[in-house]
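Trainee: I have a protein model open and I'm not sure how to read it. Could you walk me through a few features?

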Amino acid sequence: MSETATAAVMRDGLERLLVEMRPKLHRYCARMTGSVIDGEDVLQDAMMKALRAVGDGRSPEQPERWLFRIAHNTALDFLRRRSRNEARIADEDPDMQRDPSGDFETGEIVTTSLRTFMRLPVLQRSSVILKDVLGYSLAEIGTIMDARVPAVKSALNRGRTRLRALALEPDDLPPPELSGPERSLLSRYIDHFNAREFDAIRDMLAAEVHLQLVARKEMNGRSEVQTYFGNYSATEGWRMRLGFVDRRPAILVDDASRGTPSTYFILIGWSGADVALIRDFRYAAYALDGAEVRSAD
């Protein structure tokens, strides 16, 4: 087999593995960043890094751990950038290194809010997520984080103890709010959608609008993006409403065919009164796992 053919086979294999592991990788990234939305951004960045590495001829012996290591480092890069941008860190964090048994029940840890995870130092946070949420062994965690098992075990115990204490603290954050103009714009978009007035929505699109159908495909420009609404016009059972996902304004989609409310969500970015960005999570329902979802009504 030629070198080119071998690279193509490796890439195909990695793409299949990424499809299989995407929800699991997202659970990790979301808890590391404190947001299912930021977690998706980090996941996409990590996936591109992995695909580029394979394209450059790299062939990992343990692909699953290798992918988690890339996701781990990409999450740390994201946290550093956010820390610099905000000129602060959510908690003092001596454990933030690149490639670096408590009484709290595992079930409670899995359902702990993403904001609570963000209050743990990074090494503790990563150890708890990988062990108690995703089920990796101490040795596997050490490989992912490039840390020795005793260091992982210590971070795990400290993280569990800290999470238990944090779980007892009241959540005194005020509910998120929408500004008047943003509420008006989103409500107009939703009203047109629910009324199936798709031509009216097309009129709202900016000329250079970008659509991301998460985990499926992307489109650019009004002529391309306007075809996206045809899929919604051909399906029944969905209804959209105004809300928040991890305290960010979002369109919550209730899909009767799937049997549960808030099946997935859509984010809208604006350029003045024009729609400049649509991020539709219809094919990435995994992104709601662990999210803080609120209705704006």
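Mentor: Let's go from the whole chain down to single residues. Keep in mind that this is a predicted model.

Trainee: Okay, how many helices and strands does the protein chain have?

Mentor: The protein chain has twelve helices and seven strands.

Trainee: And what share of the 297 residues is buried?

Mentor: Buried residues make up 46% of them. As for the outside, the protein chain exposes about 14500 Å², and carbon and sulfur atoms supply 49% of that area.

Trainee: What should I look for on the inside?

Mentor: Here's the general idea: in soluble globular proteins, nonpolar side chains tend to be buried together. In this model, the largest nonpolar core holds 62 residues. The members touching the most other members are L67, F68, L130 and F265. Helix α2 gives the most to this core, with ten residues. Apart from that core lies another one, of 29 residues, with L186, L205, V209 and I278 among them.

Trainee: Can we zoom in on F68? Which residues does F68 touch?

Mentor: Leaving out residues up to four places away in sequence, F68 touches M21, K24, L25, Y28, L130, L134, Y136 and I144. One of those partners, L130, also belongs to the group in the largest core that touches the most other members.

Trainee: Now pockets. What is the volume of the second largest pocket?

Mentor: That pocket has a volume of about 350 Å³. It is lined by 15 residues, and the closest to its centre are R22, Q44, M47, A215 and R216. To find the pocket on your screen, look at α1 (3-33), α2 (36-55), β1 (205-213) and β2 (217-220), since each supplies at least two residues of the lining.

Trainee: How does the lining divide into nonpolar, polar and charged residues?

Mentor: Eight of the lining residues are nonpolar, two are polar and five are charged.

Trainee: Someone told me to check the phi angles too. What's the general rule there?

Mentor: Most residues other than glycine have a negative phi. Now take A215, which you just met in the pocket: A215 has a positive phi of about 70 degrees although it is not a glycine. A215 sits in the loop between β1 and β2. R247 is another case, with phi near 70 degrees, a positive value in a residue other than glycine. You'll find R247 in the loop between β3 (238-245) and β4 (248-255).

Trainee: How do I tell whether A215 and R247 are buried, exposed or partly exposed?

Mentor: Use the relative accessible area: under 20% is buried, over 50% is exposed, and anything in between is partly exposed. A215 comes out at 38%, so A215 is partly exposed. R247 has 24%, so R247 is partly exposed as well.

Trainee: Let me try T112. Is T112 buried or exposed?

Mentor: T112 has a relative accessible area of 10%, so T112 is buried. T112 is in the loop between α4 (106-110) and α5 (114-117). Look at V133 too: T112 and V133 are 21 residues apart in sequence, and their C-alpha atoms are 9.9 Å apart in space.

Trainee: One more, please. Where does A207 lie?

Mentor: A207 lies in strand β1. A207 is partly exposed, because its relative accessible area is 46%. Not counting residues up to four places away in sequence, A207 touches G221 and R222. V275 is 68 residues from A207 along the chain, and the C-alpha atoms of these two are separated by 9.1 Å.

Methods:
Residues numbered from 1 in each chain as written. Predicted model: local features only at pLDDT ≥ 70, side-chain atom pairs only at ≥ 80, totals over all residues. Heavy atoms only, no water. Helix = DSSP H or I, 4+ residues; strand = E, 2+ residues; numbered from the N terminus. Buried < 20%, exposed > 50% of the residue type's maximum accessible area, 1.4 Å probe, protein only. Areas by Shrake-Rupley, 256 points an atom, 1.4 Å probe, with all protein chains shown as cover. 1 Å grid on protein atoms, 1.4 Å probe; cavity = no way out; pocket = protein on both sides within 12 Å on 5 of 7 lines; lining within 4 Å. Points joined across faces, edges and corners; volume = space filled by probe spheres on them. Nonpolar A, V, L, I, M, F, W, Y, C, P; charged D, E, K, R; others polar. Core = buried A, V, L, I, M, F, W, Y, C linked by side-chain atoms within 4.5 Å. Contact = heavy atoms within 4.5 Å.
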